[in-house]
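Please walk me through this model in the viewer, one selection at a time. Tell me what to select next and what is there.

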Amino acid sequence: MTITERADRVERADAFALVRTQSATMPSSMRAIADAVLEDPAAAATTNAAELAGRAGVSPATVSRFAQHLGFANFAGLQRSMTRAVERGIHEREHTEIHAGVAVDDDVATVIAKVTEDVRAVMADTRAALDPHALDESARKLASARRVVLYGVGASGIVARDLHLKLERIGIVSSIADDPHNALTLASVIGEHDVLVLVSHSGSTTETLEVAHAAAAQRSTIVAITGHANAPLATAAHHVLLGVAGAESALRPAAMGSRMSQLAIVDALFIVVAQRTDERSQPLLARSRDAVRTHHRN
């Protein structure tokens, strides 16, 4: 996939969601730009690179690198995405102290409030960042695949297994890799009529990238569920479904937020696949529900 194709794909996402969720991992100079953008999104959408650089106290070259860090080809691409977000009104989001993260001395009620509020914010940002076109194309590939292989490391593996179980219920042949060796083996025996779904929030996990390269050598379709549009995994994939991580603290690592985002993406992806295969899916879903009905007490 070319740089232009990747940039076009990123522009369909909400730039402000990308800035909010990726600024924590940026160098301090780029975080200053992120703060300037989020402080006044409408102004950021209409300003030029030099003006934004002045507002953040950095060089125009740093603004260009900031845009590229988010996955855009240049600042103009970032600005187009910000403009569309402002026009749709999706840049408006309540910023409260509750996003500061769970503290060690918070009482139980505050922990509940902060965690549930962060989930709400993650869902809003996921909705903004996720490209409907990418989701539709991914669902189309899954619906017609001869076989689907799924893999993720750590918390991402939980999400991959969730999609595996869902696809099995509607008759799509699916395999979940349990370890890197198993994943590489499966990736090496699939082909151009198969789909590999890789889940990695960072998009830079070594094992996941090795599996992607193995599948690419067999001309398989690669779908990535990741949180970084410019990550190596996004570059290697044919279709990228962007998620977000949410607020992070010492007691609540980013994996918790990214998992919620990824599970929402998986649910949306599964539903679109089920819609595309409705004639087959509906009877199978009904049969699977009936199969376990006697194991539930009324």
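The tour goes from the whole chain to the sheet, then to the helices and the cores.

**Whole chain**

Start with everything displayed as a cartoon, and keep in mind that this is a predicted model. The protein chain has 15 helices and 5 strands. Of its 298 residues, 48% count as buried. Among contacts in the protein chain with a separation of 6 or more, 73% are between residues 24 or more positions apart.

**The sheet**

Select the strands. They form an open sheet of 5 strands in the order β2-β1-β3-β4-β5, with parallel pairing. At the edges are β2 (174–176) and β5 (239–242), each of which pairs on one side only. From one strand to the next, the twist averages 15°.

Next, select β3, residues 195–199. Is this strand covered or not? β3 is mostly covered, with 5 of its 5 residues buried. Show its side chains: V195, V197 and V199 point one way, L196 and L198 point the other way, and all are buried.

Keep β3 on screen and add its partners. β1 and β3 run parallel and are joined by 5 bridges. In this pairing, L150 stands opposite V197 of β3. With β4 (residues 221–226), β3 pairs in the parallel sense over 5 bridges. V197 has V223 as its bridge partner in β4, and L198 stands opposite A224 of β4.

Move on to β5. The pairing of β4 with β5 is parallel and spans 4 bridges. The bridge partner of T226 in β5 is L242. Turn on the side chains of β5: H239 and L241 point one way, V240 and L242 point the other way, and all are buried.

**Helices on the sheet**

Which helices should be added to the sheet view? Select α12, residues 206–217. This helix lies across β1, β3 and β4, and runs at about 165° to β3. Then select α10, residues 155–169. Helix α10 packs on the sheet and touches β1 (148–152), β2 and β3. The direction of α10 makes about 160° with that of β1.

**Helix α2 and its neighbours**

Hide the sheet and select α2 (residues 15–22) and α3 (residues 28–39). The two helices pack at an angle of about 135°, and their axes are 10 Å apart. The angle makes α2 oblique to α3. The crossing of α2 and α3 is left-handed. Show the side chains where they meet: F16, V19 and R20 come from α2, and A34, V37 and L38 from α3.

Now swap α3 for α8, residues 108–129. The axes of α2 and α8 come within 8 Å and cross at roughly 130°. These two helices are therefore oblique to each other. Their crossing is left-handed. On the α2 side the contact is made by A17, L18, R20 and T21, and on the α8 side by D125, A128 and A129. R20 of α2 thus appears in the contact with α3 and in the contact with α8.

How many residues of α2 are buried? The count is 8 of 8, so α2 is largely enclosed by the rest of the structure. The buried residues include the polar-named positions R20, T21 and Q22, along with A15, F16, A17, L18 and V19.

While α8 is selected, pick V111, which lies in this helix. V111 has a relative accessible area of 28%, so it counts as partly exposed. Leaving aside residues up to four places away in sequence, V111 touches V102 and D106.

**The cores**

Nonpolar side chains tend to be buried together in soluble globular proteins. To see this chain's largest nonpolar core, which has 52 residues, select those with the most contacts inside it: I33, V37, F66, L70, L78, M82 and L198. Center on F66. Not counting residues up to four places away in sequence, F66 touches V19, M26, M30, I33, A34, V37 and L78.

Finish with a second, separate core of 29 residues. Its members include L135, L150, V195 and V273.

Key: Residues are numbered from 1 along each chain as its sequence is written. This is a predicted model: local features need pLDDT of at least 70, side-chain atom pairs count only at pLDDT 80 or more; totals for chains, interfaces and linings use all residues. Side-chain values use heavy atoms; hydrogens and water are left out. Two strands pair if DSSP finds at least two bridges between them. Axes are lines fitted to C-alpha atoms, for helices over the stretch in contact, and angles run from 0 to 180 degrees between N-to-C directions. Contact means heavy atoms within 4.5 Å. A nonpolar core is a set of buried Ala, Val, Leu, Ile, Met, Phe, Trp, Tyr and Cys residues joined through side-chain atoms within 4.5 Å. Buried means under 20% relative accessible area, exposed over 50%, partly exposed in between (1.4 Å probe, protein chains only). Angles under 35 degrees count as roughly parallel, over 145 as roughly antiparallel, 65 to 115 as roughly perpendicular and the rest as oblique. A crossing is left-handed if the near helix is turned anticlockwise from the far one by less than a right angle, and right-handed if clockwise.
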